[in-house]
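The following questions and answers concern the ligand sites, domains and selected residues of one protein model. Please consult the sequence and structure shown here.

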Amino acid sequence: MTSPQAVHFGAGNIGRGFIGLLLHEAGYEVVFADVNADLIGTLQSTPSYRVIEAGAGGVEKVVTGYRAIDSNADPDGLVAAIASADVVTTAVGPNILRFVAPAIAAGILARPVSARPLAVMACENALGATALLRAEVEKHAAADAVGLRAIFANTAVDRIVPEQSGAGLDVLVEPYCEWAVESTPFGSGTPDIPGAHFVPDLAPYIERKLFTVNTGHATTAYYGRLAGHATIAAALADAAVRAAVEAVLAETAAFLVAKHDFPAAEQRAYLEKTLERFSNPAIDDSVERVGRQPIRKLSRHERFVGPASEIAESGGSAEALLGAMGAALRFDAPGDEEAVKLQGMLRDGTDIVATVMGLAPSDALYSGATATVESVRASL
Ligand SMILES: NC(=O)c1ccc[n+]([C@@H]2O[C@H](COP(=O)([O-])OP(=O)(O)OC[C@H]3O[C@@H](n4cnc5c(N)ncnc54)[C@H](O)[C@@H]3O)[C@@H](O)[C@H]2O)c1
Ligand SMILES: O=P(O)(O)OC[C@@H](O)[C@@H](O)[C@H](O)[C@H](O)CO
């Protein structure tokens with residue numbers, strides 16, 4: 001019997017170090033698709049790579065039996081792989097989904113209607129990333145035809161995978177991981193991926209992950225960089241940074257507990273586990289990686305403005321989140337295209353509250369966000 005096939009877009013850190021690994025462990029032949037020709041060449045010429053879990057309880061795993069396609073150089077091969085695949089996943093970044101959508105649309109249209117529907121799951125740090133991917137796919141293929149041949153499910157993906165220091169394919173990761181996938185789009189026939197956790201309602205999982213792990217991570221990165229720290233673990237060992245992070249996570253914890261009915265003790269344990277993960281001495285995670293793309297991170301439904309808006313709308317205080325947004329605005333990292341653009345916007349008077357944060361004067365967070373931007377501008 002032939003193995004089921006999964007096409008995975010993005011053979012980077014989370015692609016090789018988490019999603020590719022789980023699909024391999026589930027028995028899929030993984031076909032990595034990437035625009036990085038060197039990386040694809042190395043995958044094509046190397047029969048296996050290691051996923052090395054660094055830290056307490058970590059083990060080493062080996063991924064084998066994959067193929068790799070350069071999505072620029074072999075578009076026909078990519079479409080053919082999608083046409084015969086069981087699963088398509090992505091880990092390319094939310095802003096890149098629109099670029100992978102045309103190939104996915106063509107691959108879906110090339111599938112017979114009688115084939116088992118393709119399971120499509122975007123594994124990005126964003127609310128509704130798969131829904132966004134679907135909307136992009138439907139710009140290239142009629143929604144009816146797509147709906148007959150594919151099932152789209154949102155996911156929440158959690159594993160810290162820092163930038164890799166070596167040139168090879170091996171990936172150093174933290175031992176912890178969680179991949180939650182919404183089950184309802186599949187009815188009773190969820191894909192057979194033992195490492196994934198299928199849940200009927202993804203909202204509590206993705207919001208808790210994004211607004212605890214990613215809000216806390218980004219807060220550590222932005223305050224940590226301002227205090228002169230290079231890594232997340234070093235930043236969190238700084239009492240002033242840790243206090244700022246804990247203040248932010250106290251606001252999101254209260255919000256998450258109220259909105260999703262998590263028992264307060266469970267949220268507290270989740271938060272403490274998260275801070276322990278950030279402090280893993282075996283993971284050298286840079287503040288630049290974690291703070292990357294501050295314009296995306298400051299957008300309306302992301303890790304700061306998302307929870308802060310809902311807190312403000314319910315009459316609560318989002319002072320600590322607003323403070324972290326101020327630190328994000330000060331993320332003056334010359335190697336980060338969005339950071340450079342944001343610094344330009346601060347200097348040229350762009351209405352950042354409207355254009356970056358997506359807030360209008362009628363929004364409860366508007367005045368706090370405006371005061372934050374103005375105070376950062378005044379300090380330049
Ligand atoms: N690294 C982590 O700790 C982590 C954890 C959870 C979720 N994520 C999410 O996973 C996604 C990927 O993050 P990462 O850290 O693996 O980034 P990464 O930069 O290591 O990997 C992204 C890969 O996508 C490739 N890519 C870019 N454009 C492409 C295209 N058009 N077609 C195919 N491939 C393309 C890049 O060449 C790169 O290899 C992001 O959404 C991120 O938020 C990352
Ligand atoms: O990938 P980003 O840029 O959305 O966020 C940076 C980190 O917070 C993120 O990659 C975490 O390491 C990851 O989300 C942990 O699951």
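**Ligand sites, domains and selected residues**

Helix H7 gives the most residues to the shell around ligand 2, namely 3; helices (H or I, at least four residues) and strands (E, at least two) are DSSP runs, numbered from the N terminus. This is a predicted model, in which local features need pLDDT of at least 70 and side-chain atom pairs count only at pLDDT 80 or more, while totals for chains, interfaces and linings use all residues. Residues are numbered from 1 along each chain as its sequence is written, and chains are lettered from A and ligands numbered from 1 in the order in which they are written.

Q: Where does ligand 2 lie with respect to domain 1 and domain 2?
A: The domain assignment gives domain 1 (5-200) and domain 2 (204-378), with bounds that come from an automatic or database domain assignment. Residues around ligand 2 include Asn125, Asp158, Arg159, Asn214 and His217; a residue is near a molecule or strand if its C-beta atom, placed from the backbone, lies within 6 Å of it. Because both domains give residues to the shell, ligand 2 lies between domain 1 and domain 2.

Q: How many residues of the shell around ligand 2 are charged?
A: Ala, Val, Leu, Ile, Met, Phe, Trp, Tyr, Cys and Pro count as nonpolar, Asp, Glu, Lys and Arg as charged, and the others, Gly among them, as polar. The shell around ligand 2 has 3 nonpolar and 4 polar residues, and its charged residues number 3.

Q: Which element gives the largest share of the shell around ligand 1?
A: Of the 26 residues around ligand 1, Gly10, Gly12, Asn13, Glu124 and Asn125 come nearest. The elements that give two or more residues to this shell are helix H1 (13-25), strand E2 (29-34) and helix H4 (97-109). The largest share, 3 residues, comes from H1.

Q: Is Gly12 buried or exposed?
A: Gly12 is placed in the loop between strand E1 (5-9) and H1. The UniProt annotation "binding site", from an unreviewed entry, covers Gly12 among other residues; UniProt positions are given in the numbering used here, feature names are shortened, and annotations may be inferred rather than shown by experiment. A residue is buried if 20 or more other C-beta atoms, placed from the backbone, lie within 10 Å of its own, exposed if 12 or fewer, and partly exposed in between. Because Gly12 has 20 C-beta neighbours inside 10 Å, it counts as buried.

Q: How many residues of domain 2 are in contact with domain 1?
A: The C-alpha centres of domain 1 and domain 2 lie 28 Å apart. Two residues are in contact if their C-beta atoms, placed from the backbone, lie within 7 Å. On this basis, 15 residues of domain 1 meet residues of domain 2 that number 16.

Q: Why is helix H13 largely enclosed by the rest of the structure?
A: The buried residues of H13 (residues 305-313) pack against helix H7 (203-226), helix H9 (239-260), helix H14 (319-329) and helix H17 (366-378). Among them are Val305, Pro307 and Ile311. H13 is largely enclosed because, of its 9 residues, the number buried is 7.
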